[in-house]
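Thanks for sharing this one; here are my notes, set out as numbered points. I start with one residue, move to a helix and its surroundings, and finish with the whole chain.

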Amino acid sequence: MFGKRLNETRKSKGFTAQKMADLLSVTIRTYRHYESEHSYPSLEILVQIADILDVSTDYLLCRDNFIKSHEDSSDEF
């Protein structure tokens, strides 16, 4: 799911894969591996990706629905 979300978000923001690779200082092959889920970025790179795409790391990791489902229960504490 991460790779699909990354690909969709990158495209919706108007970035090419090459531009993302350049901004992250990684090779295009490395970046393509993130989108194809052959490998995953380090935590540091994940945060950089989120910052570049202006989304949360939870969104990229497909945890946005999980977070939303727990917002009401966390308000009780």
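1. Let's begin with Thr9, which sits in helix α1, spanning residues 2–12. Please keep in mind that this is a predicted model. Is Thr9 buried or exposed? Its relative accessibility is 4%, under the 20% cut-off, so Thr9 counts as buried.

2. What does the side chain of Thr9 have for polar company? One of its polar atoms lies 2.7 Å from the backbone oxygen of Arg5. Setting aside neighbours within four places in sequence, Thr9 is also in contact with Leu53, Val55 and Tyr59.

3. Leu53 brings us to helix α4, residues 43–53, where Ile45, Leu46, Ile49, Ala50 and Leu53 are buried. These residues cover an arc of only 140° around the axis, and therefore lie on the same side of α4. Leu43, Glu44 and Asp51, on the other side of α4, are exposed.

4. Which elements cover the buried residues of α4? The cover includes α1, α2 (17–24), α3 (28–36) and α5 (57–60). Just after α4 there is a backbone detail you may like to look at: Asp54 takes a positive phi of about 55°.

5. Now for the core. The largest nonpolar core has 15 residues, and those with the most contacts inside it are Leu6, Leu24, Val26, Tyr31, Tyr34, Ile49 and Leu60. Two or more residues come from each of α1, α2, α3 and α4, with α4 giving the most, at five residues. As general background, nonpolar side chains tend to be buried together in soluble globular proteins.

6. Leu60 deserves its own point. Not counting residues up to four places away in sequence, Leu60 touches Phe2, Arg5, Leu6, Leu46, Ile49, Ala50, Leu53 and Val55. Among these partners, Leu46, Ile49, Ala50 and Leu53 also belong to the buried set of α4.

7. Finally, the overall picture. The secondary structure comes to six helices and zero strands, following the pattern α-α-α-α-α-α along the sequence. Of the 77 residues, 30% count as buried. Among contacts with a separation of 6 or more, 55% are between residues 24 or more positions apart. The protein exposes about 5,200 Å², with carbon and sulfur atoms supplying 51% of that area.

Note on methods: Residues numbered from 1 in each chain as written. Predicted model: local features only at pLDDT ≥ 70, side-chain atom pairs only at ≥ 80, totals over all residues. Heavy atoms only, no water. Helix = DSSP H or I, 4+ residues; strand = E, 2+ residues; numbered from the N terminus. Buried < 20%, exposed > 50% of the residue type's maximum accessible area, 1.4 Å probe, protein only. Polar contact = N/O pair within 3.5 Å; in protein donor to acceptor, adjacent residues only side chain to side chain. Contact = heavy atoms within 4.5 Å. Arc of directions from axis to C-beta. Areas by Shrake-Rupley, 256 points an atom, 1.4 Å probe, with all protein chains shown as cover. Core = buried A, V, L, I, M, F, W, Y, C linked by side-chain atoms within 4.5 Å.
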